[in-house]
Structure formats: C-alpha cells, structure tokens
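Please walk through this model from its backbone to its bound ligands. The account below follows the chain's architecture and then turns to its interior and its contacts.

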Amino acid sequence: PPFPIQLSGPVQRGFGRGGKDLGCPTANLPDESLPAMSTVTKTGVYYGFAQITPRANADHALSKEETSVLPMVMSLGWNPFYKNERMTAEIHILHEFKSDFYGYDMKALVLGYIRPELDYTSREALVDDINMDKQVALNSLDRPAYQTYTSDPFFASNT
Ligand code: ADP
Ligand code: MG
C-alpha cells in the first residue's frame with residue numbers, strides 16, 4: 001500500500017473560491033509537492049495529519065496548538081487551469097485557526113482514502129458530505145495505529 005504519503009511546501013493562495021463560504025477553508029500545496037501523490041492519482045477525498053511549521057519572527061505568530069500535528073481531510077483533483085494535466089491538493093485542517101497562514105510551510109502525511117469526487121446538485125448535499133468526511137477522518141485517526149503518526153519524525157517537534 002502507498003500510505004503514508006509525505007507532502008510538504010509553503011501554503012499557496014488559491015482562488016478564494018468556496019472554502020471559507022462553506023465553512024471549510026482549504027490550504028493549497030504547491031505543484032512541486034504533488035508528484036508524491038502519483039502513486040495513487042485517484043481523485044477524491046483523503047485523510048491524514050497535517051502540521052503548519054512553527055516560525056519565529058512571523059508577522060502573525062501561530063499558537064503552539066495551531067502548530068501541533070492536527071487531523072486533516074484533503075481533496076485531490078485535476079486542475080482545469082492546466083488542462084487537467086496536473087493535480088491540485090487542498091487541505092482542510094480540523095482545527096479553528098485564529099488567522100490565515102499563507103506562506104507558512106505545511107507538512108501533510110496522507111494515510112487513507114475516503115471517497116471519490118462527486119458532483120453535487122445542491123450546496124447542502126456538498127456540505128453534508130464534507131461533514132461526513134470530517135467524521136470519517138476523526139474516527140479513523142483516533143485509532144492507536146494512526147495516533148503513532150502524530151509523533152512521526154517527519155513532523156517538526158513542537159515542545
Ligand atoms: P484559497 O482559495 O486561498 O485556498 P480558502 O477559502 O480555501 O482560500 O482559504 C484557505 C486559507 O485559509 C488557507 O490557505 C489558510 O491560510 C486559511 N485557513 C484558516 N483555517 C484553516 C483550516 N482550518 N484549514 C485550512 N486552511 C485554513
Ligand atoms: Mg482553498
């Protein structure tokens with residue numbers, strides 16, 4: 001099995017579409033970080049852990065909790081901007097952040113697949129599914145075998 005898959009890079013600005021309106025902001029990873037996903041390429045929703053790398057002298061510092069290893073859901077899709085020849089990965093971290101963290105380094109450990117991409121006829125159906133994805137992610141990541149990944153050497157120690 002291909003998991004765990006390691007992704008990392010500075011958080012990019014997206015088109016600001018949807019994310020925050022749907023109560024589900026998604027932090028974009030740079031294109032250069034995505035070849036690691038070529039072992040799966042299946043589009044859809046994944047789950048795992050993510051960490052925003054703590055940074056000294058930032059204009060707005062993140063709290064210790066905000067830079068800990070946190071559960072995440074990730075949407076992987078083909079990017080229409082690149083004629084669907086490149087993928088995009090967007091990560092929603094299951095934590096309430098006090099501020100944005102564009103430009104911060106983000107690390108993600110992808111641990112499993114939840115579901116394929118679906119077409120939604122209503123916004124409610126989409127939001128319902130996102131909430132279900134979050135629940136699936138939390139339930140899975142709660143298991144001891146997955147909890148050990150929170151102290152994986154891939155993540156920065158934050159003590
Ligand atoms: P964009 O199109 O720029 O990705 P979004 O509406 O999807 O816009 O918002 C994403 C941004 O929101 C992230 O880059 C990050 O700075 C911020 N953000 C705040 N809270 C979260 C969170 N829990 N998960 C992911 N991003 C978050
Ligand atoms: Mg986004």
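In which loop is T41 found? T41 sits in the loop between strand 2 and strand 3 of what is, it should be said at the outset, a predicted model. The phi angle of T41 is near 55 degrees, which is a positive value in a residue other than glycine, and T41 is partly exposed, with a relative accessible area of 36%. Most residues other than glycine have a negative phi, and most peptide bonds are trans. A second residue with such a backbone angle is N84, whose phi is positive at about 60 degrees although N84 is not a glycine. N84 is placed in the loop between strand 4 and strand 5 and is likewise partly exposed, with a relative accessible area of 44%. A further backbone feature concerns the peptide bond joining F3 and P4, which is cis, with omega about 0 degrees; P4 lies in the segment before strand 1.

The loop between strand 4 and strand 5 also holds N79, and here the surroundings can be described in some detail. N79 is buried, with a relative accessible area of 11%, and, when residues up to four places away in sequence are not counted, N79 touches N84, E85, R86, M87 and T88.

The strands that these loops connect can now be considered together. An open sheet is formed by 6 strands in the order 1-6-3-4-5-2, with antiparallel pairing, and its edge strands are strand 1 and strand 2, each of which pairs on one side only. Within the sheet, strand 3 and strand 4 (residues 70–78) are paired in the antiparallel sense over 7 bridges, and F49 stands opposite P71 in strand 4. Strand 3 is also joined to strand 6 (residues 105–115) by 8 bridges, the two running antiparallel, and the bridge partner of Y46 in strand 6 is Y113. Strand 4 in turn is joined to strand 5 by 7 bridges, again with the strands running antiparallel, and here L76 has A89 in strand 5 as its bridge partner.

Why can strand 3 be called largely enclosed by the rest of the structure? Because 9 of the 9 residues of strand 3 (residues 44–52) are buried, this strand is largely enclosed by the rest of the structure.

In soluble globular proteins, nonpolar side chains tend to be buried together. In this model the largest nonpolar core has 27 residues, and those with the most contacts inside it are M37, M74, I91, I93 and F101. The elements contributing two or more residues to this core are strand 1, strand 3, strand 4, strand 5 (87–93) and strand 6. A second, separate core of 11 residues includes F49, L141, F154 and F155. Returning to the largest core, F101 is one of the residues with the most contacts inside it, and, leaving out residues up to four places away in sequence, F101 touches V11, A27, I52, H60, L62 and I93.

F49 and L141, both included in the second core, are also among the contacts of Y146. Y146 belongs to helix 2 (residues 144–147), and, apart from its neighbours within four places in sequence, Y146 is in contact with Y47, F49, L111, S140 and L141. The side chains of Y146 and Y47 are joined by a polar contact of 2.9 Å. By contrast with these contacts, Y146 and I130 are 16 residues apart in sequence and 21 Å apart in space, C-alpha to C-alpha.

The ligands complete the picture. Around ligand 1 there are 20 residues, of which G14, G16, I93, F101 and Y102 come nearest; I93 and F101 are also among the residues with the most contacts inside the largest core. Several polar pairs can be listed for ligand 1: one of its oxygen atoms lies 3.2 Å from a backbone N or O atom of K20, an oxygen atom of ligand 1 lies 3.0 Å from a polar side-chain atom of N28, and a nitrogen atom of ligand 1 is 3.1 Å from a polar backbone atom of H95. Ligand 2 is a magnesium ion, coordinated by T26 (O) and T26 (OG1) at 2.2 to 2.3 Å. T26 is found in the loop between strand 1 (5–10) and strand 2 (27–28).

Definitions and conventions. Residues numbered from 1 in each chain as written. Chains lettered and ligands numbered in written order. Predicted model: local features only at pLDDT ≥ 70, side-chain atom pairs only at ≥ 80, totals over all residues. Heavy atoms only, no water. Donors = N, O, S within 2.8 Å, 3.2 Å for Na, K, Ca; no water. Helix = DSSP H or I, 4+ residues; strand = E, 2+ residues; numbered from the N terminus. Buried < 20%, exposed > 50% of the residue type's maximum accessible area, 1.4 Å probe, protein only. Pairing = 2+ DSSP bridges. Core = buried A, V, L, I, M, F, W, Y, C linked by side-chain atoms within 4.5 Å. Contact = heavy atoms within 4.5 Å. Near = heavy atom within 4 Å. Polar contact = N/O pair within 3.5 Å; in protein donor to acceptor, adjacent residues only side chain to side chain.
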